[in-house]
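Colleague: Could you walk me through this model before I get back to the bench?
Modeller: Gladly, let me put it up for both of us.

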Amino acid sequence: MSLGKRPPYHDDNMDEHSQPSPKKAEIIISDETVDSNPPRGCDNSSHSEPSSACALAFPPLATPHGHISIDISAKIACDVISEFLAAHPKDPRLRLYVVDQDERAVEAFLENWPPDRDARFSVVLGKITEMRSRSRMTCSILVNEATWRLKPGATPVSVQIQTDGGKAMWDETRRLYPNPGAVGNAYPVPLPVTSPLRQRERVRHIIHVIPPNMNPARPDPVPLQKARLLLRKAYTAMLEAYWRIVGEEADRGKGEGDRDGQEVKDVDGKDENRKMVQGDATKENEQRKNGEPKSLFDILMSSSAACAAESTSPPPVHRSEDRHAWIDMLMPYCEHPEQFTSDQMVWYDEAMVVVRDKFPKAQAHFLVMPRRPIDGLTSLTQKDVPTLEALINCGGSTVDKMKAENPHLEFRMGFHAIPSMRQLHMHVISQDFVGIGLKRKEHYNSFTTRFFNDASEVLARLRAGKSLQYDKREYDHFLKGPLRCHLCNEAPATMPALKAHLDKHARKMRVIIC
DNA sequence: GTTCTAGAAC
DNA sequence: GTTCTAGAAC
């Protein structure tokens with residue numbers, strides 16, 4: 001083993017170069033080695049753990065898959081865990097394990113969390129999906145390192161959990177949450193009783209956590225500073241979800257005792273189990289709906305400088321057809337604006353929200369929306385004139401605010417003829433078109449041809465009782481047309497050429513400072 | 001809406 | 001061999 005200084009978990013049976021043998025004990029905790037057939041009974045008794053219902057096992061997040069150094073990840077994780085445990089100093093239910101098969105990862109955590117610190121957190125060398133079967137350490141809650149796509153097999157840990165969690169776990173995830181998910185959020189899922197991971201390992205919950213990505217080969221890499229913040233947010237969201245589950249398990253235990261063994265055996269008792277699983281999800285949604293403070297930890301974290309104004313709750317559930325879930329992706333902003341960070345949610349009141357476009361097509365790109373559901377321009381009638389006026393006012397204020405910051409920015413406000421998202425949304429977009437979301441010809445053409453309808457014109461049409469119906473075939477034609485610079489009429493042949501061209505304009509106009 | 005990717009274009 | 005697009009998949 002290449003561990004340098006001999007760490008406390010060193011196994012004398014392994015020489016300097018050998019890998020742990022798959023046939024013998026492989027799960028090694030920072031303060032002791034656990035035999036695969038321990039003589040000391042079952043579950044976690046060997047770790048003075050009073051309740052196996054509340055143990056959490058998680059992998060180091062974002063490394064190496066997200067190209068974030070294990071040292072950074074370990075440091076942030078230990079900071080967040082330290083605050084979490086300090087907020088619950090005497091809660092014996094809490095038990096956390098970071099689990100990795102890589103010795104270097106284990107070592108990084110041990111450097112930040114030596115075994116003499118709070119014993120409720122331990123470092124484990126092993127496989128996260130084999131905690132019970134290999135060592136009889138029951139961890140009823142596992143963390144899956146997911147990507148924003150919230151789909152199976154996206155990361156190495158996800159592959160392990162996917163294999164053993166089974167299709168039912170992903171079906172349940174899709175049922176509960178909109179896809180895609182958001183970086184920094186946690187998505188807890190009660191594990192269906194049919195899942196092999198539940199039957200074999202007694203895992204009751206999976207928490208999908210989406211850490212940031214710095215890997216340039218993967219979509220949307222972020223710079224280190226942002227990655228640090230998002231990673232802290234992800235670990236915090238993970239613990240927040242964990243804390244909620246601990247509370248729920250305690251409530252469940254009060255009434256019913258630990259029925260896990262029975263549930264695993266009674267796979268055929270489907271009705272009762274299904275009721276319990278749905279109950280968990282319903283309760284969580286109920287808590288979100290009521291805006292209840294979730295815990296002391298939530299309050300502490302929400303007031304901390306690094307996470308100020310950043311809610312770690314996942315966006316609320318808005319169910320629609322799975323295949324087209326994205327068309328309702330704007331609804332969570334309208335239904336629960338308070339759950340978004342100040343980066344995402346610019347402003348809101350009872351009737352209106354202003355959000356930053358998630359994939360900005362220009363230096364400044366916002367969406368202004370009514371909070372009540374309105375299915376696009378086509379559903380507007382003359383009765384909605386005040387709504388449209390309010391949207392335009394709101395957009396105007398946003399423009400004023402932006403121009404105060406950079407007077408060189410020019411804006412247009414308007415609507416796409418054929419929007420992709422269902423909820424009525426007005427674009428407020430600066431006219432530089434230098435934005436990380438501008439990738440395809442259709443993106444550019446959707447804002448620079450007749451496909452884009454100025455808000456003032458739309459309002460005039462609505463006031464005059466004229467139709468706001470747009471023929472899809474006619475307007476799609478504008479998207480397919482040739483690229484032509486909206487400022488100088490030049491016609492770059494490709495998108496990369498156009499982007500380089502627009503970048504020059506933007507620099508001349510001093511829209512881009514650096 | 002976005003990402004992924006085969007194959008066209010260079 | 002690399003860049004880029006466009007359609008499929010999500």
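Colleague: What span should the 21 residues of helix 12 have at 1.5 Å a residue, and how far apart are its end C-alpha atoms?
Modeller: Helix 12 (residues 385–405) should span 30 Å, and its end C-alpha atoms are 31 Å apart, which agrees; the expected span is 1.5 Å times one less than the number of residues. Helices (H or I, at least four residues) and strands (E, at least two) are DSSP runs, numbered from the N terminus. Please keep in mind that this is a predicted model, in which local features need pLDDT of at least 70, side-chain atom pairs count only at pLDDT 80 or more, and totals for chains, interfaces and linings use all residues. Residues are numbered from 1 along each chain as its sequence is written, chains are lettered from A and ligands numbered from 1 in the order in which they are written, and side-chain values use heavy atoms, with hydrogens and water left out.

Colleague: Which residues of helix 12 are buried?
Modeller: Among them are Val385, Leu388, Leu391, Ile392, Cys394, Val399 and Met402, where buried means under 20% relative accessible area, exposed over 50%, and partly exposed in between (1.4 Å probe, protein chains only).

Colleague: And what do those buried residues pack against?
Modeller: The buried residues of helix 12 pack against several elements, including strand 9 (345–348), strand 12 (411–416) and helix 14 (455–463), with contact meaning heavy atoms within 4.5 Å.

Colleague: Changing topic, which residues are closest to DNA strand B?
Modeller: Of the 14 residues that surround DNA strand B, the closest are Trp148, Phe359, Lys361, Ser420 and His443; a residue is near a molecule or strand if one of its heavy atoms lies within 4 Å of it. Of the atoms of DNA strand B within 4 Å of the protein, 67% belong to sugar or phosphate, and the rest to bases.

Colleague: Which side chains have polar atoms by a phosphate oxygen of that strand, DNA strand B?
Modeller: Ser420 has a polar side-chain atom 2.5 Å from a phosphate oxygen of DNA strand B, and for Lys439 the corresponding distance is 3.2 Å. A polar contact here is a pair of N or O atoms within 3.5 Å; within protein, one must be able to donate a hydrogen and the other to accept it, and residues adjacent in sequence count only if both atoms are side-chain atoms. As for the bases, a nitrogen in one of them is 3.4 Å from an N or O atom in the side chain of Trp326.

Colleague: What about the residues around DNA strand C?
Modeller: Those are Trp326, Arg440, Thr494, Met495 and Pro496, and sugar and phosphate account for 53% of the atoms of DNA strand C that come within 4 Å of the protein. Arg440 places a polar side-chain atom 2.9 Å from a base oxygen of DNA strand C, whereas Met495 has a backbone N or O atom 3.0 Å from a phosphate oxygen of that strand.

Colleague: Back to helices: what caps the N-terminal end of helix 2?
Modeller: Asp102 does, with a side-chain oxygen 2.8 Å from the backbone nitrogen of Arg104. Helix 2 (residues 103–112) is mostly covered, as 7 of its 10 residues are buried.

Colleague: Last one, is Phe433 buried or exposed?
Modeller: Phe433 is buried, with a relative accessible area of 2%, and has a positive phi of about 55° although it is not a glycine. Arg510 also has a positive phi, of about 60°, but Arg510 is exposed, with a relative accessible area of 53%.
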